[in-house]
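Visitor: I'd like a close look at a single part of this protein, one helix and whatever packs around it. Could you walk me through it slowly?

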Amino acid sequence: MGSSSVEESKAHNLTVPVHRLPHELLSRIFQRTLQRNGDRDVKGSFRLTAVCSHWRDVAQTSPAFWTTIRLDDDVRMLEHFLRCSRNAPISVYANGSRDASWAPKARLLLPHTGRIAVLDLRLWPAVRTEAAWYHVSTLLSLSMPALRSLRVDANDVGVFALPPIDLGLFPQLQSLTLHETGPRGTPRSRAITAGTPPTSSCAPWCPSATCVLSNSKRTLAARSWSSARYISIPTTATVDVDADHAFMPYPLTWSRDVRDPGAIMVMGWMRRLQLAFLERGLTDEDVLGADKLLTIVEDYKDMTAERLAFSNIMMVVRRIFSLPAHKVHRSGEFKFRKRAYVLYLKWQAIAGSGR
C-alpha cells in the first residue's frame with residue numbers, strides 16, 4: 001500500500017464515529033468485548049490491535065487490557081502481556097491446554113509476584129520432573145502481597161505432591177483452594193471460614209487432615225499428609241481443601257500406617273529420591289529441584305521408626321550415598337552423597353531407638 005493510500009485510510013478513519021470516542025471509553029469497550037468471548041480471547045486481543053494504529057495505541061497503553069496471563073501461552077505472548085500490563089494487578093492461569101510443559105515459564109513471573117492477584121495452577125501434566133516441581137514450588141514460596149485468590153490443583157501428579165505453602169506470604173488472601181487426590185476416587189472437601197468455632201479434628205470430613213482454628217488470632221492450622229500449613233487469614237477468607245487419605249503413588253500392600261499422612265508423605269519423598277538419583281539420573285535441569293527436595297527432607301522433624309519402616313526411605317538414601325561420585329550429577333557442588341549419608345545416620349538412630 002502506497003503512502004497516499006495510507007494517508008487516505010487514516011483520513012477516512014477520522015470520520016468514523018467510533019474513532020472519536022474517548023480513549024478510556026474505547027479501552028473499556030475492548031475489555032468488555034474480550035470478556036464476553038471468554039476468560040481471555042488472545043486472538044481477539046491481537047485482532048483489535050490490527051484494525052488501525054489508533055486502536056493499537058489505545059490497546060497498548062491500557063494495562064487492564066493485558067492483565068490475564070496464561071502460563072501455557074507462547075513465551076513471546078507471555079512477555080508481551082506482562083510488559084503491557086505494566087504495574088496493574090494480574091491474574092495468572094495455567095492448565096496445560098496450550099502447553100503441557102509450562103512449568104519453566106513460571107520463572108517469567110518472578111519479577112511480577114508483587115502484583116499477582118489471582119493464581120490458578122493445574123500441576124498435571126506440567127509437573128512430572130524435579131525441574132518442573134522446582135519452578136512451581138519456587139513461585140509458591142515467594143511473597144505475593146496482592147494475592148486474593150490461590151488455587152492449586154495437584155490431582156494426578158503422583159509423587160510430585162503439593163509443595164509446602166506458607167500462606168503467611170499472602171496477607172491479602174481471601175480464597176484458598178487446594179486439590180490433591182489420588183487414583184482411588186473421589187476427593188473429600190469442606191469449606192472452612194475463619195471465625196467458625198475452633199475444632200481440633202476434622203476427621204469426619206477428611207481423615208488425612210487435622211485443623212485448629214484460633215478465634216483470637218484468627219489463625220488456622222491445617223495439617224495434611226503433604227505438609228503442615230499455618231495460615232493467617234482475614235475473617236472473610238474461605239479455605240477449601242481437597243484431600244484423599246487413600247492416595248498412593250504406586251501399588252502398595254495395605255497396612256495400618258496407610259492412614260498416617262506423615263508416612264504417606266515420606267513415601268512420596270522416597271519415590272522421588274529413587275527416581276531422581278537411582279532411576280532417571282539427575283540432569284542440569286533437575287539438580288535445583290533435587291536440592292530443594294533434599295532440604296525439605298533434612299528439615300523434617302517428625303520422622304519416626306514406623307514411618308521409616310513403612311516408606312523404606314533409608315534403603316534409598318543408603319543407595320544414594322553408596323553411588324560412585326561420577327554417578328551423582330554435580331554432587332561435589334550440592335553434596336548430595338554426603339547429605340544422604342548424614343540422613344542415613346540420623347534415621348538409623350531413630351530406627352534403632354524404636355521412636
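Guide: Let's start from helix α8 and work outward to its surroundings. Keep in mind that this is a predicted model. For orientation, the protein chain has twelve helices and ten strands, and 48% of its 355 residues count as buried. Among contacts in the chain with a separation of 6 or more, 67% are between residues 24 or more positions apart.

Now to α8, which runs over residues 287-299. A quick check on its geometry: at 1.5 Å a residue, its 13 residues should span 18 Å, and the end C-alpha atoms are indeed 18 Å apart, so the two agree. Which residues of α8 are buried? They are V287, G289, A290, L293, L294 and V297. Those six cover an arc of only 160 degrees around the axis, which means that they sit on the same side of α8. The spacing rule behind this kind of pattern is a familiar one: an α-helix has 3.6 residues a turn, so residues three or four places apart point the same way.

What lies over that buried side? The cover includes α6 (130-140), α7 (261-279), α11 (331-334) and α12 (336-353). Let's take α6 and then α12, with a stop at the loop before each.

α6 is mostly covered, with ten of its eleven residues buried. The buried set is E130, A131, A132, W133, H135, V136, S137, T138, L139 and L140, so charged and polar names turn up there as well under the 20% relative accessible area cut-off. Helix α8 returns the favour here, being part of what covers the buried residues of α6, and the cover also includes β3 (116-122), β4 (149-153) and α7.

α6 also leads us into the largest nonpolar core, which has 49 residues. Inside that core, the residues with the most contacts are W102, L119, L121, L123 and L150. Elements giving two or more residues to it are α2 (23-36), α4 (53-60), α5 (75-84), β2 (90-94), β3, α6, β4 and β5 (175-179). Of these, α6 gives the most, with five residues. As a rule, nonpolar side chains tend to be buried together in soluble globular proteins. For a feel of the packing, pick L150: leaving out residues up to four places away in sequence, L150 touches L119, L140, I165, L167, F170, L173, S175, L176 and T177. L140 in that list is one of the buried residues of α6. Apart from this core lies another, of 34 residues, and V297 is among them, along with W269, L282 and F321. V297 is also one of the buried residues of α8.

Just before α6, look at the loop between β3 and α6, where P125 lies. The peptide bond from W124 to P125 is cis, with omega near 5 degrees. P125 is touched by A100, which also touches A126 and R128, not counting residues up to four places away in sequence. A100 itself lies in the loop between β2 and β3. Its relative accessible area is 29%, so A100 counts as partly exposed. The C-alpha atoms of A100 and L71 are separated by 9.9 Å, although these residues are 29 apart along the chain.

Over to α12, another part of the cover on α8. In the loop between α11 and α12 you'll find K335. Phi of K335 is near 55 degrees, a positive value in a residue other than glycine. K335 is partly exposed, with a relative accessible area of 43%.

Helix α12 also has a partner in α10 (residues 313-322): their axes come within 8 Å and cross at roughly 145 degrees. The crossing is left-handed. From α10, the contact is made by I313, M314, V317, R318, I320 and F321, and from α12 by F336, R337, A340, Y341, Y344, W347, Q348 and A351. F321 may ring a bell, as it is among the residues of the 34-residue core, together with V297.

So that brings us back to α8: its buried residues lie on the same side of the helix, and what covers them includes both α6 and α12.

How values were computed:
Residues numbered from 1 in each chain as written. Predicted model: local features only at pLDDT ≥ 70, side-chain atom pairs only at ≥ 80, totals over all residues. Heavy atoms only, no water. Helix = DSSP H or I, 4+ residues; strand = E, 2+ residues; numbered from the N terminus. Expected span 1.5 Å × (residues − 1). Buried < 20%, exposed > 50% of the residue type's maximum accessible area, 1.4 Å probe, protein only. Arc of directions from axis to C-beta. Contact = heavy atoms within 4.5 Å. Core = buried A, V, L, I, M, F, W, Y, C linked by side-chain atoms within 4.5 Å. Axes fitted to C-alpha atoms, helices over the stretch in contact; angles between N-to-C directions. Left-handed = near helix turned anticlockwise from the far one by under 90°.
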